[in-house]
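User: Hey, got a minute to look at this model with me? I'd like to start with the surface and then move on to the cysteines.

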Amino acid sequence: MLLAKLAAYWLTHSLAILTDALESIVNVIAGFVGLYSLYVAAKPRDRDHPYGHGKAEFVSAAVEGTLIVAAGILIIYATINDFISPRTIHQVDTGCWIIAGTALMNYFGGMLCLRQGKKNNSLALQASGHHLQMDSYSTLAVVGGLLIMLFTKLWWIDKIIALMMSVLIMYNGYTIIRKSLAGIMDEADKQLLERFIQLLNESRKKEWIDLHNLRVIQYGDQLHIDCHLTLPWYMNLHEAHREIDALSVLIQSKMGNSIELFVHTDGCMPFSCTVCSIENCQVRQEPMKNRQEWNLDNILSNEKHRL
């Protein structure tokens, strides 16, 4: 596809087609960077990397985003140069056919990357998939602009298309960089947390009196989950461990097997009685007042819940 777009630019000298070709150069470089990051991320955890190597994908996405922004800047530079020293555009119809074919190939390639990326929780594959599909949309926009230019003979439209595409390309690069930095900085994924909290609320056992100080971090396809679980204080170690096992089985059944779960158990306190739904509790000091629904506000705090 890169060679096809370069050939189309060589035939037409169109800046709009050059924007597409430059983005394809980024695709090729980013593809190799992403491939290496997948290789690194797939390595098992070791003594030096106890949480595994999944963050390599965030670095890969940051590199890809930076390259995309750089491509946008180069397009603006080339467009300004063309305003100063304009070049004649020709064979636009042939160029349109060539890059329209690459748009279809990009779209289906991006669809495949997204499908595999979501299946394997791979940020690198999903970033590449979104990038390829955006590339196909931008290519079709370029084709539309070139067709208008071909029929109207308004050749300055080529420069306007190039500038508009450069802004779109830089914005896409920024969004990829932003998401990769969020992963590197372990920013909370609200969608993932809400999905996890919904699962807990739907399937919680009455013995799970309270759950708080929840933290969920995703590296590649690996989920690291930390939380504090409040259980009846009279449970022995074996009974408490069975509840933790039940929590682990619940999470794995809905969110996959690649999970590391670290649970700190707390014994219930007298104020826990008001949110405890255990029936016929022999040590209850207060009646249950209301079932505590867990949400983003109360499950992330490092405090036991009370009414």
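User: Which residues form a nonpolar patch on the surface?
Analyst: Val 59, Val 63, Leu 181, Ile 184 and Met 185, with about 440 Å² of accessible area together. Patch residues have over 30% relative accessible area and no salt bridge, with nonpolar side chains joined within 5 Å. Helix 3 (56-84) and helix 6 (157-184) each give two or more residues to the patch.

User: Before we go on, what are the ground rules?
Analyst: It's a predicted model, where local features need pLDDT of at least 70, side-chain atom pairs count only at pLDDT 80 or more, and totals for chains, interfaces and linings use all residues. Residues are numbered from 1 along each chain as its sequence is written, and side-chain values use heavy atoms, with hydrogens and water left out.

User: OK. Where is Met 185 found?
Analyst: In the loop between helix 6 and helix 7 (190-203).

User: And why does Met 185 count as exposed?
Analyst: Because its relative accessibility is 66%; exposed means over 50%, buried under 20%, and partly exposed is in between.

User: Switching topic: how many disulfides?
Analyst: Zero, with a disulfide taken as a pair of cysteine sulfur atoms within 2.5 Å.

User: Why is there no bond for Cys 268?
Analyst: Because the closest cysteine sulfur, in Cys 273, is 6.5 Å away, too far for a bond. Cys 276 is in no disulfide either, and the nearest cysteine sulfur, that of Cys 281, is 5.9 Å away.

User: Is Cys 276 buried or exposed?
Analyst: Buried, at 7% relative accessibility. Cys 268 also counts as buried, at 18%.

Key. Patch = residues over 30% accessible without salt bridge, like charges linked within 9 Å, V, L, I, M, F, W, Y side chains within 5 Å. Areas by Shrake-Rupley, 256 points an atom, 1.4 Å probe, with all protein chains shown as cover. Salt bridge = Lys/Arg side-chain N within 4 Å of Asp/Glu carboxyl O. Helix = DSSP H or I, 4+ residues; strand = E, 2+ residues; numbered from the N terminus. Buried < 20%, exposed > 50% of the residue type's maximum accessible area, 1.4 Å probe, protein only.
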